[in-house]
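Welcome! Below are some short exercises, each followed by a worked solution. Take a look at the structure before you begin.

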Amino acid sequence: MKDFSIFDIVGPNMIGPSSSHTAGALRIAHLARGMIHGRVVRAQFTLYGSFARTYRGHGTDRALIAGVLGFGTEDSRIRDSFRWAQEMGLQYSFEVNTTDTDCHPNTARLLLTSDTGETADVTGVSVGGGSAVITRINGVDIDLTGDYHTILARHKDTPGVVAAITGILGRNHINIAFMRLYREGRGSLAYTIIEADEEIPAEAVEQIRSQPSVQSALLIPKLA
């Protein structure tokens with residue numbers, strides 16, 4: 001069971017009227033931004049449930065854009081994120097989906113494109129108090145909160161690859177708090193998510209990327 005602090009119950013300091021619809025939405029986008037190499041130049045947002053109904057009035061649209069741009073929850077630029085998107089070369093669009101009702105009421109799906117041409121299809125939910133969980137990436141169901149320093153490795157589902165990744169972290173004196181493995185199917189594409197207590201050095205990430213079965217490894221810093 002997760003331990004809750006007064007911060008979790010009251011919510012974070014933030015710009016906007018609602019921790020779920022602004023801070024939580026921003027956190028979803030900020031985490032999604034960390035799952036793609038390069039600068040995000042295109043973002044397509046699909047909103048579900050209460051996000052779809054109230055996203056303009058509650059500032060969810062501004063918060064999502066701000067998260068993709070890398071702004072924090074207390075950044076005054078959130079109010080003007082549309083303008084900042086234009087200045088920073090981010091193209092964006094919003095769609096609402098009111099037909100799929102079997103999802104969490106505060107759900108956003110982001111299709112991101114970077115300046116390198118890479119894309120990421122990320123779904124996240126705002127779970128209250130400014131917290132969020134990434135539930136899906138590129139068609140694979142995952143569980144990522146951003147509460148720890150995180151490595152997201154995409155690799156072939158082959159024997160020894162997970163041991164190689166954890167071995168690299170051990171040699172770099174990184175203590176693993178949580179580890180989860182998700183795969184599309186036996187022998188196909190898999191994702192290993194490792195959440196660590198300490199900051200993960202760039203050298204360790206490069207060592208993971210150099211493994212033969214690893215296609216990519218992204219470092220997602222702990223969110224404040």
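**Exercise 1: A glycine in a loop**

Gly139 sits in the loop that links strand S5 (131-137) and strand S6 (140-144); strands (E, at least two residues) and helices (H or I, at least four) are DSSP runs, numbered from the N terminus. This is a predicted model, in which local features need pLDDT of at least 70 and side-chain atom pairs count only at pLDDT 80 or more, while totals for chains, interfaces and linings use all residues. Residues are numbered from 1 along each chain as its sequence is written, and side-chain values use heavy atoms, with hydrogens and water left out.

Task: work out how Gly139 is classed by its relative accessibility.

Solution. Step one is to recall the classes: buried means under 20% relative accessible area, exposed over 50%, and partly exposed in between (1.4 Å probe, protein chains only). Step two is to place the value: Gly139 has 44% relative accessibility and so counts as partly exposed. As an extra, find Val122, which is 17 residues away along the chain; its C-alpha atom is 8.3 Å from that of Gly139.

**Exercise 2: A threonine in a strand**

Task: find Thr46 in strand S1 (residues 40-48) and decide whether Thr46 is buried or exposed.

Solution. Start with the area: the relative accessible area of Thr46 is 16%, so this residue is buried. Next, look for its partners, where contact means heavy atoms within 4.5 Å. Beyond the neighbours within four places in sequence, Thr46 touches Glu95, Asn97, Thr107, Ala108 and Arg109.

**Exercise 3: The two faces of a helix**

Task: which residues of helix H6 (residues 161-171) are buried, and which exposed residues are on the face turned away from them?

Solution. First, pick out the buried residues of H6: Val161, Ile165, Ile168 and Leu169. They span an arc of only 95° around the axis, so they are on the same side of H6; the arc is that of the directions from the helix axis to the C-beta atoms. A general rule helps here: an α-helix has 3.6 residues a turn, so residues three or four places apart point the same way. Second, turn to the face away from the buried side, where the exposed Ala163 and Arg171 are found. Third, see what covers the buried residues of H6: the cover includes strand S7 (149-156), strand S8 (176-183), strand S9 (189-196), helix H7 (202-209) and strand S10 (214-220). Finally, just after H6, His173 has a positive phi of about 60°.
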